[in-house]
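Work through the exercises below with the sequence and the model side by side. Try each task before reading its solution.

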Amino acid sequence: VQLQASGGGLVQAGGSLRLSCVASGRAASSYDMGWFRQAPGKEREFVAHISWRGGWTYYEDAVKGRFIISRDNGKNTAFLQMNSLKPEDTAVYYCAADNVGWGDPPRPRYWGQGTQVTVSS
């Protein structure tokens, strides 16, 4: 599966952004999808995960109640709606996918390119 992320940008604290990730390839809609992020000088960290049918979601504690992951399987696209953004959300955001268990810590096999999100104070 190939992944193409978009939607990053510059936003003021308290604002919102929506990231999109389009999956292509055989049976792309049958893959769990998710988002990770990497801030400067830090390791890549998990943000959110959605099951392939969209019935199950999981979030990293720091984004619970602010971010919403969703998907549209008709368009093979996953979304990350980010609300109440904080400067500490500044990072490169990556979408990821896999059709097997992600493990703990999650390590999906397929990755898209990153999209920069910058939140100004």
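## Exercise 1: Strand 4 and its partners

In strand 5, G34 has H49 as its bridge partner. The model is a predicted one.

**Task.** Find which strands pair with strand 4, and in which sense.

**Solution.**
- Step 1. Start from G34 and H49, which are bridge partners. Strand 5 covers residues 45–50. Strand 4 and strand 5 run antiparallel and are joined by five bridges.
- Step 2. Look at the connection. The two strands form a hairpin, with six residues between them. G41 sits in that turn and has a positive phi of about 80°.
- Step 3. Turn to strand 9. Seven bridges pair strand 4 with strand 9, again in the antiparallel sense. Opposite Q38 stands V92 of strand 9.
- Step 4. Check the cover. Six of the seven residues of strand 4 are buried, so the strand is mostly covered.

## Exercise 2: From strand 9 to strand 11

**Task.** Continue from V92 and state which residue is its bridge partner in strand 11. Then describe the two faces of strand 11.

**Solution.**
- Step 1. The partner of V92 in strand 11 is Q116. Strand 9 and strand 11 pair over three bridges, antiparallel.
- Step 2. Add strand 2, residues 9–12. Strand 2 pairs with strand 11 in the parallel sense over four bridges. G9 stands opposite V117 there.
- Step 3. Sort the residues of strand 11, which spans 115–120. T115, V117 and V119 make the covered face. Q116, T118 and S120 make the uncovered one.
- Step 4. Recall the general rule: side chains in a regular strand alternate between the two faces of the sheet.

## Exercise 3: The side chain of T90

**Task.** Which backbone atoms does the side chain of T90 reach?

**Solution.**
- Step 1. Place the residue. T90 is in the loop between strand 8 (77–82) and strand 9.
- Step 2. Take the oxygen. A polar atom of the T90 side chain lies 2.9 Å from the backbone oxygen of P87.
- Step 3. Take the nitrogen. The T90 side chain reaches the backbone nitrogen of V119, also at 2.9 Å.
- Step 4. List the contacts, leaving aside neighbours within four places in sequence. T90 touches A39, Q116, V117, T118 and V119.

## Exercise 4: Aromatic rings and a charge

**Task.** Classify the ring pair of F36 and W102. Then find where R44 sits relative to the rings of Y94 and W111.

**Solution.**
- Step 1. Count first. The model has six aromatic pairs.
- Step 2. Apply the cut-off. Planes under 30 degrees apart count as stacked. The ring centres of F36 and W102 are 6.2 Å apart and the planes meet at 25°, so this pair is stacked.
- Step 3. Locate both residues. F36 is in strand 4 (residues 32–38), and W102 is in the loop between strand 9 (91–98) and strand 10 (110–111), so the pair ties together parts 66 residues apart in sequence.
- Step 4. Check burial. F36 and W102 are buried.
- Step 5. Widen the view. Ring pairs link F36, F46, W56, Y58, W102 and W111 into a cluster.
- Step 6. Add the charge. The charged end of R44 sits over the ring of Y94, 3.9 Å from its centre. R44 also lies over the face of W111, at 4.7 Å from the ring centre.

## Exercise 5: N99 in its loop

**Task.** Is N99 buried, exposed or partly exposed, and which residues does N99 contact?

**Solution.**
- Step 1. N99 lies in the loop between strand 9 and strand 10.
- Step 2. The relative accessible area of N99 is 40%. Partly exposed runs between 20% and 50%, so N99 is partly exposed.
- Step 3. Leaving aside neighbours within four places in sequence, N99 contacts S30, Y31 and R109.
- Step 4. The side chains of N99 and R109 are joined by a polar contact of 2.9 Å.
- Step 5. A27 is 72 residues from N99 along the chain, yet their C-alpha atoms are separated by 9.5 Å.

## Exercise 6: The open sheet

**Task.** Which strands stand at the edges of the four-stranded sheet?

**Solution.**
- Step 1. The order is 1-3-8-7, with antiparallel pairing.
- Step 2. Strand 1 (2–6) and strand 7 (67–72) each have a single partner strand, so they stand at the edges with one side left without a neighbour in the sheet.
- Step 3. Neighbouring strands are turned by 15° against each other on average, direction ignored.
- Step 4. Strand 1 pairs with strand 3 (residues 17–24) over five antiparallel bridges. S6 has S20 of strand 3 as its bridge partner.

Terms used: Residues are numbered from 1 along each chain as its sequence is written. This is a predicted model: local features need pLDDT of at least 70, side-chain atom pairs count only at pLDDT 80 or more; totals for chains, interfaces and linings use all residues. Side-chain values use heavy atoms; hydrogens and water are left out. Rings of Phe, Tyr and Trp (its six-membered ring) pair if their centres lie within 6.5 Å; planes under 30 degrees apart count as stacked, over 60 as edge-to-face and the rest as tilted. Buried means under 20% relative accessible area, exposed over 50%, partly exposed in between (1.4 Å probe, protein chains only). A charge sits over a ring if NZ of Lys or CZ of Arg is within 6 Å of the ring centre and within 35 degrees of the ring normal. A polar contact is a pair of N or O atoms within 3.5 Å; within protein, one must be able to donate a hydrogen and the other to accept it, and residues adjacent in sequence count only if both atoms are side-chain atoms. Contact means heavy atoms within 4.5 Å. Two strands pair if DSSP finds at least two bridges between them. Axes are lines fitted to C-alpha atoms, for helices over the stretch in contact, and angles run from 0 to 180 degrees between N-to-C directions.
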